[in-house]
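Here are my notes on the model, point by point. Please read them with the structure open.

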Amino acid sequence: MWSRKKTFVPNRKRQNTLRYKELQRFAQASLGSTNLKEASEKPPQAGDKREWLAIMADNFTNECVILSEQVAVHFCTGSSCPCMTAGPNYKFLWQDPAEKSSKPLELSAPQYTSTCFEWILGLLDDEAFFPQEEGNPFPKDFEKVIKKIFQRLVRIYAHWYRSHLADFEKAGAVAHLNTCFRHFYFFCDSNQLVDEKDWQPLSTEVDVIVNNKTQPETKE
């Protein structure tokens, strides 16, 4: 379903700026850290924190795109997942963030995911949202929108865990999924990007995967 030439292609102008390269190098070091929580809590000391948040949104979206293209595409389909859910208690509708008065749409899970990726990457390629020239201002609603980006990525993880965990296990990709999710959670938590209510569909995963709590055994 994901359509941006089936690959993740960052804005070339953005890639070639010195500031982007410095922040990206720092971001990649954090991704490879053995202590994901500590790495997520240490953004670069210099520069605008908004640049750091945008580049990390870039990286976390990239991770989700890879998981979607390489793994989830094989089992998350329009027929298997006709709507975007996270278990029986949560259903997510898509509303265009640029059109607040538009009617929320019920999309299939792969349609929701691909629409989300297109929206996020379109924003990050838009210099009105993520300016590339030094001194150009960020929009006044940057923090509100960047939080919306991370909220939408939470929903994708929630669908994968609640609907496809067994599929990820069969594909041998659950360890990678867990590592991506842990880093994502630590970053969101340390930067206060996602409201507590938005983590509710993933409360078990936060307890078990992030906080290493033992899941209670079920009696047969």
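1. Start with helix H4. Its 22 residues should span 32 Å at 1.5 Å a residue, and the end C-alpha atoms are 32 Å apart, so expectation and model agree. Of those 22 residues, 17 are buried, so H4 is largely enclosed by the rest of the structure. Keep in mind throughout that this is a predicted model.

2. Leu67 is a good residue to inspect in helix H4. Is Leu67 buried or exposed? Its relative accessible area is 1%, so Leu67 counts as buried, the cut-off being under 20%. Leaving aside residues up to four places away in sequence, Leu67 touches Ala72, Tyr157, Trp160, Phe168, His176, Leu177 and Cys180. One of these partners, Cys180, is 113 residues from Leu67 along the chain, and their C-alpha atoms are separated by 9.4 Å.

3. Now the overall layout. The chain has 8 helices and 0 strands. In sequence order the pattern reads α-α-α-α-α-α-α-α. The chain has 220 residues, and 46% of them count as buried. Among contacts with a separation of 6 or more, 74% join residues 24 or more positions apart.

4. Helix H6 deserves a careful look. It covers residues 142-170, which is 29 residues. From first C-alpha to last it reaches 39 Å, close to the 42 Å expected at 1.5 Å a residue. Where does H6 bend? The bend is at His164, by about 85°. After H6 comes Gly172, with a positive phi near 70°.

5. Next, the largest nonpolar core. It holds 60 residues, and Phe150, Tyr157 and Trp199 touch the most other members. Helices H4 (49-70), H5 (109-124), H6, H7 (174-190) and H8 (203-210) each supply at least two residues of this core. Which helix gives the most to this core? H6 does, with 13 residues. Tyr157 also appears among the contacts of Leu67.

6. Trp199 can be followed in detail. Its contacts are Val154, Phe181, Phe184, Tyr185, Cys188, Val194 and Val206, not counting residues up to four places away in sequence. Val154 falls within the range of H6, residues 142-170. Phe181, Phe184, Tyr185 and Cys188 fall within H7 (174-190), and Val206 within H8 (203-210).

7. Turn to the largest pocket. Its volume is about 470 Å³. The lining has 20 residues, of which Pro97, Ala98, Lys100, Trp119 and Val145 lie nearest the centre. H5 and H6 each supply at least two lining residues. H6 contributes the largest share of the lining, 6 residues. H6 also gives the most to the largest nonpolar core.

8. Two serines sit between H4 and H5. Ser102 is in that loop, and so is Ser108. How do they stand on accessibility? Ser102 is partly exposed, with a relative accessible area of 25%. Ser108 counts as buried, because its relative accessibility is 8%, under the 20% cut-off. Beyond residues up to four places away in sequence, Ser102 touches Gln95 and Asp96. On the same basis, Ser108 touches Gly78, Cys81, Pro82, Cys83 and Met84.

9. Check the backbone at Gln192. Its phi is positive, about 50°, although Gln192 is not a glycine. Gln192 lies in the loop between H7 and H8. With a relative accessible area of 65%, Gln192 is exposed. Gly172, after H6, also has a positive phi.

10. Last, the segment after H8, where Asn211 lies. Asn211 is partly exposed, with a relative accessible area of 40%. Which residue is 29 residues from Asn211 along the chain, with its C-alpha atom 9.3 Å away? That residue is Arg182.

Key:
Residues numbered from 1 in each chain as written. Predicted model: local features only at pLDDT ≥ 70, side-chain atom pairs only at ≥ 80, totals over all residues. Heavy atoms only, no water. Helix = DSSP H or I, 4+ residues; strand = E, 2+ residues; numbered from the N terminus. Expected span 1.5 Å × (residues − 1). Bend = angle between axes of the 7 residues up to and from the residue. Core = buried A, V, L, I, M, F, W, Y, C linked by side-chain atoms within 4.5 Å. Buried < 20%, exposed > 50% of the residue type's maximum accessible area, 1.4 Å probe, protein only. Contact = heavy atoms within 4.5 Å. 1 Å grid on protein atoms, 1.4 Å probe; cavity = no way out; pocket = protein on both sides within 12 Å on 5 of 7 lines; lining within 4 Å. Points joined across faces, edges and corners; volume = space filled by probe spheres on them.
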